[in-house]
Amino acid sequence: MLAHSRTRRAMQMKVALKAMPLEFSGKDHSRFWAKVDKSEGCWDWTACTDRHGYGRFTIKHSAYVAHRVAYAMMAGPIPDSMEIDHACHNRACVRPDHLRLATRKQNAENPAGLVSKNKSGVHGVHWDPRTRKWKAQVSHHNQKIAIGYFATLTAAEAAVVAKRMALFTHNELDRRVAI
């Protein structure tokens, strides 16, 4: 089953990173923007989405991820191996000023929220019943970096935020809180 999910993820990434057309016709622009709710804040994709909430748009019988199409239409070609990061954390958003070029590392550093099994409410902090303390750790370059054990949740949160601020370049949530 694990091999199957990796294969499916690899296929999704191929769709996501498929080379965009270099030019978009006026009809492509009209069809695309007709599927967007341009209200205040995020501009939400209103047409077809995948199971993760990303919009899909078809050009000449090829499917593309809608936020990549929006970026390419407004900012130009997306360099090879670059991803488009939603600074707003809304996967349905196609508003160009909410999208930015990012490496895979930078995109991973800007997570939308907590994993479902997190009970502390703080990214990177969980209760360790063995030590009866809050354990703080950060993932960086696919490795877990242990920060330590803390008597209070507040202290553990401060430690993970400080470590993320030191390691991550695209950590918008922590940077907003620190300002």
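Buried here means under 20% relative accessible area. The legends below apply that cut-off to a predicted model.

**Figure 1. Arg68, a buried residue of helix α3 in the predicted model.**
Arg68 sits in helix α3. Its relative accessibility is 6%, so Arg68 counts as buried. Leu99 lies 31 residues away along the chain, and the C-alpha atoms of Arg68 and Leu99 are 8.7 Å apart.

**Figure 2. Helix α3 and its surroundings.**
How many of the 10 residues of α3 are buried? The count is 8, so the helix is largely enclosed by the rest of the structure. The buried residues are Ala66, His67, Arg68, Val69, Ala70, Tyr71, Ala72 and Met73. Just past the end of α3 comes Gly76, with a positive phi of about 105 degrees.

**Figure 3. The crossing of helices α2 and α3.**
Two packed helices are described by the angle between their axes and the distance between the axes. Helix α2 covers residues 26-33, and helix α3 covers residues 66-75. Their axes come within 12 Å and cross at roughly 130 degrees. The two helices are therefore oblique to each other. Their crossing is left-handed.

**Figure 4. Side by side: the residues that join α2 to α3.**
From α2, the contact takes in Asp28, His29, Phe32 and Trp33. From α3, Ala66, Val69, Ala70, Met73 and Met74 meet them. What is the make-up of this contact in nonpolar, polar and charged residues? It has 7 nonpolar residues, 1 polar and 1 charged. An α-helix has 3.6 residues a turn, so residues three or four places apart point the same way.

**Figure 5. Pro96 and its contacts.**
Pro96 belongs to the loop between β5 (83-86) and β6 (99-102). Which residues does Pro96 contact, leaving aside neighbours within four places in sequence? They are Trp33, Trp43 and Met74. Trp33 and Met74 also take part in the meeting of α2 with α3. The C-alpha atoms of Pro96 and His67 are separated by 8.1 Å, with their positions 29 residues apart along the chain.

**Figure 6. Lys60 and Arg132, two loop residues with positive phi.**
Lys60 is in the loop that links β3 (56-59) and β4 (62-65). Its phi is positive, about 50 degrees, although Lys60 is not a glycine. Lys60 is exposed because its relative accessibility is 74%. Arg132 is in the loop between β7 (125-128) and β8 (133-140). Arg132 is not a glycine either, yet its phi is positive at about 60 degrees. With 64% relative accessibility, Arg132 also counts as exposed.

**Figure 7. Low-confidence stretches in the chain.**
Residues 1-6 have pLDDT under 50 throughout. The model gives this stretch 0 contacts beyond four places in sequence. Residues 8-17 also stay under 50. Here the model has 13 contacts beyond four places in sequence. Where pLDDT is low, the predicted coordinates should not be read in detail.

**Figure 8. The chain as the setting for these views.**
The chain has 6 helices and 9 strands. Of its 179 residues, 35% are buried. Take the contacts between residues at least 6 apart in sequence: 47% join residues at least 24 apart. Mean pLDDT is 82 for the chain, and 79% of residues reach 70 or more.

Methods:
Residues numbered from 1 in each chain as written. Predicted model: local features only at pLDDT ≥ 70, side-chain atom pairs only at ≥ 80, totals over all residues. Heavy atoms only, no water. pLDDT = per-residue confidence, 0-100. Contact = heavy atoms within 4.5 Å. Axes fitted to C-alpha atoms, helices over the stretch in contact; angles between N-to-C directions. Helix = DSSP H or I, 4+ residues; strand = E, 2+ residues; numbered from the N terminus. Parallel < 35°, antiparallel > 145°, perpendicular 65-115°, else oblique. Left-handed = near helix turned anticlockwise from the far one by under 90°. Nonpolar A, V, L, I, M, F, W, Y, C, P; charged D, E, K, R; others polar. Buried < 20%, exposed > 50% of the residue type's maximum accessible area, 1.4 Å probe, protein only.
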